[in-house]
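Reader: Could you take me through one part of this protein closely? I work at the bench, and I would like to hear about the residues around the ligand and then how the rest of the chain is laid out around that topic.

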Amino acid sequence: MPEPSRTSGARPDTVARTLLVALFVSLLCSSLVASAAILLKPRQVENAMVEMRRNILEVAGLWAPEAEVDELFESIEPRVIDLETGAYADDIDPEVYDPLAAAKVPAQSVEIPSEIDVAKVGRRAKHALVYLVRRDGEINRIILPISGYGLWSTLYGFLALEADGNTVSDITFYAHGETPGLGDFIVKPAWRELWRGKRTFDDSGALELRVVKGRVSADDPLADYHVDGVSGATLTGNGVSNIIKYWLGDHGYGPFLENIEAGESP
Ligand SMILES: Cc1cc2nc3c(=O)[nH]c(=O)nc-3n(C[C@H](O)[C@H](O)[C@H](O)COP(=O)(O)O)c2cc1C
């Protein structure tokens, strides 16, 4: 007598049931992932804000790891400026103004003429958000958001200047996509250290601050304005120079810095 088949008891709709279970599991998983993304979005936005504030505090020279970021940030004065005139635009609330979002709104932004768009920014907002540090009521440090193309990616950072608007106190990049071990030298503390005390404009008003190829030579007459590049990653360094050139130029923070120097933006 033949042995009964092991599968003889299997239900005929096995394939349909398997597909149904697979469909149910995939629907369940995708709704879990979607819910997690929606629920975690506010936390991500908050973390990004804290990280940006931490970077601002760092270039402001006010960062203290043991302290609360929000508490420390109270000593920073965010101000919106009109980039064309360099004047404060106090009708715009700095607490809610987002220049990166404004750059995408035609009425709130301008196209950068290609001949001056050395940092490949494309469009920029008409207004910028700058951060001031005061000592005894007087401006002590000016923190300017900067951005532009490196080799592979857009770099986002802050340049901090002393009250004279002509001396660098620090530079930081909080977002970039340059190659680890090559272009990411821009975030290394030792390289940032090289910027401290560098000058921006010479006596004739020409912008001379830039990253050079290789090391700044001891007999470079512009050594006070030049920062070492990194061998094998010259193109990211060139990107940083272009970012400085655009943002400290007439189409960037130039008018604001002139106002500061003239005492017109106290
Ligand atoms: C995979 C790969 C990644 C690279 N990443 C960078 C980078 O992030 N930044 C950079 O300036 N150069 C990078 N380079 C090197 C550039 O292509 C270029 O050779 C270099 O910037 C020139 O600098 P040098 O004249 O000092 O050699 C990379 C090269 C390769 C092959």
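Author: Happily; what follows starts with the ligand shell, then turns to the domains and to a few loop residues. Please keep in mind that this is a predicted model.

Around the ligand you will find L151 and W152, then E178, T179, L182 and G183, and finally the run S231, G232, A233, T234, L235 and T236. Sorted by class, this shell holds five nonpolar residues, six polar ones and one charged residue. The charged member is E178, because Asp, Glu, Lys and Arg are the residue types counted as charged.

E178 also gives us a handle on another part of the chain. D98 is 80 residues away from E178 along the chain, and the C-alpha atoms of the two are separated by 25 Å. D98 itself sits in the loop that runs between β1 (76-82) and α3 (99-102). Is D98 buried or exposed? D98 is exposed, because just 10 other C-beta atoms lie within 10 Å, and a residue counts as exposed at 12 or fewer.

Now for the domains. The assignment splits the protein chain into domain 1, residues 13-74, and domain 2, residues 76-261. Their C-alpha centres are 30 Å apart. The two domains do meet: ten residues of domain 1 are in contact with eleven residues of domain 2. On the domain 1 side, helix α1 (residues 14-60) gives the most to this meeting place, with seven residues. By class, that side of domain 1 consists of six nonpolar, two polar and two charged residues.

Two more loop residues deserve a look, this time for their backbone angles. K120 has a phi near 55 degrees, a positive value in a residue that is not glycine. K120 belongs to the loop between β2 (109-111) and β3 (123-125). K120 counts as partly exposed, because it has 16 C-beta neighbours inside 10 Å.

D136 also has a positive phi, of about 50 degrees, although D136 is not a glycine. You can find D136 in the loop that links β4 (127-135) and β5 (138-149). Here the C-beta neighbours inside 10 Å number 5, so D136 counts as exposed.

To return to your starting point, the part to keep in view is the ligand shell, with residues including W152, E178 and T236.

How values were computed
Residues are numbered from 1 along each chain as its sequence is written. This is a predicted model: local features need pLDDT of at least 70, side-chain atom pairs count only at pLDDT 80 or more; totals for chains, interfaces and linings use all residues. A residue is near a molecule or strand if its C-beta atom, placed from the backbone, lies within 6 Å of it. Domain bounds come from an automatic or database domain assignment. Two residues are in contact if their C-beta atoms, placed from the backbone, lie within 7 Å. Helices (H or I, at least four residues) and strands (E, at least two) are DSSP runs, numbered from the N terminus. A residue is buried if 20 or more other C-beta atoms lie within 10 Å of its own, exposed if 12 or fewer, and partly exposed in between; C-beta atoms are placed from the backbone.
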